[in-house]
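Got a minute to go over how the labels on a structure are earned? Let's put some values next to their cut-offs.

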Amino acid sequence: MAKIISLVSRKGGAGKSTTAQAMAAGFTAKGYRVLSVDLDGQASLTHIMAADYAGRTIFDVMRGACSIRDAVQHTGAGDIISANNSLDDVEINGDGRELLLKQTLEPLASDYDLILLDTVAAFDILTLNALTASTGVIIPAQCDILNLNALKDSYDLIQSARENVNAGLKIYGVLLTRINSRSKTAAQIAEMFKEAAAAMNTRVFSSQIRESATVQRAQALQKNLLTFRPNGNAARNYQDFINELEIILKMESD
Ligand SMILES: Nc1ncnc2c1ncn2[C@@H]1O[C@H](COP(=O)(O)OP(=O)(O)O)[C@@H](O)[C@H]1O
Ligand SMILES: [Mg+2]
């Protein structure tokens with residue numbers, strides 16, 4: 001049965017899509033069967049993974065316009081269901097409207113080990129569907145005060161999903177991104193993130209992702225960050241994070 005992990009944060013530019021791509025690439029390289037689902041009309045993950053924007057979106061599947069297998073595209077970093085701007089302002093009405101994605105993904109649960117849901121910063125109905133469908137959440141956060149403030153919003157949303165639709169929803173942790181390792185302020189804010197995470201009964205991952213121009217270069221060229229410059233800081237940091245997360249996922253399976 002696939003574990004379903006949402007990348008969630010109230011803040012745009014937190015590193016959700018970048019982290020989703022790195023996780024897709026890293027776990028695929030480890031032999032996991034990975035499906036990424038782009039739930040953001042801006043389609044950043046679709047772009048980064050060099051998938052086809054004109055492809056069927058998850059919403060096409062949710063509204064019954066095609067089968068889920070017809071929406072899956074294959075890439076070197078695992079499979080993806082892509083997004084495009086038709087996902088902006090999606091409306092889903094009726095009872096159980098937050099359950100639709102969970103039901104839509106069910107036929108694929110035994111085809112994959114990991115399903116990654118990349119969400120939009122605005123907490124829309126697709127994000128609520130992602131939290132309903134997920135085993136757990138990762139909260140990427142740029143290490144600054146605005147992202148620290150936004151952490152509370154992300155937590156409130158997760159809590160409301162737990163209370164209403166998904167009591168078992170885990171928070172795997174907060175991943176600090178775009179860290180400037182020489183900045184004292186960043187180090188202080190990282191400490192504040194640790195306190196905030198502890199208050200949410202979760203952790204800040206000990207792997208942290210440094211700010212690196214290579215990330216933007218790889219994305220502009222639609223290259224896999226982990227193989228584009230494998231010895232660069234960002235690729236090594238993401239590899240460490242993937243190893244750290246793998247241990248956490250294995251422990252919960254035991
Ligand atoms: N570690 C990093 N170093 C430098 N730039 C980064 C890093 N992580 C992300 N970025 C850049 O920051 C921007 C936002 O990242 P993205 O992953 O799209 O965030 P989100 O999905 O949360 O909106 C992108 O332009 C991306 O290239
Ligand atoms: Mg994004």
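What follows is a short round of questions and answers on this predicted model.

Local features need pLDDT of at least 70 and side-chain atom pairs count only at pLDDT 80 or more, while totals for chains, interfaces and linings use all residues. Residues are numbered from 1 along each chain as its sequence is written, chains are lettered from A and ligands numbered from 1 in the order written, and side-chain values use heavy atoms, with hydrogens and water left out.

Q: Why is Cys-66 called buried?
A: Buried means under 20% relative accessible area (exposed is over 50%, partly exposed in between; 1.4 Å probe, protein chains only). Cys-66 has 14%, so the label fits.

Q: What makes Cys-143 count as buried?
A: Its relative accessibility is 10%, so Cys-143 counts as buried too.

Q: How many disulfides are there?
A: Zero. A disulfide takes a pair of cysteine sulfur atoms within 2.5 Å.

Q: What makes the contact between Thr-18 and ligand 1 a polar one?
A: A polar contact is a pair of N or O atoms within 3.5 Å (within protein, one must be able to donate a hydrogen and the other to accept it, and residues adjacent in sequence count only if both atoms are side-chain atoms). An N or O atom in the Thr-18 side chain sits 2.6 Å from an oxygen of ligand 1.

Q: Which atom of ligand 1 pairs with the side chain of Gln-216?
A: A nitrogen, 2.9 Å from an N or O atom there. For Gln-219, an oxygen of ligand 1 is 2.6 Å from a side-chain N or O atom.
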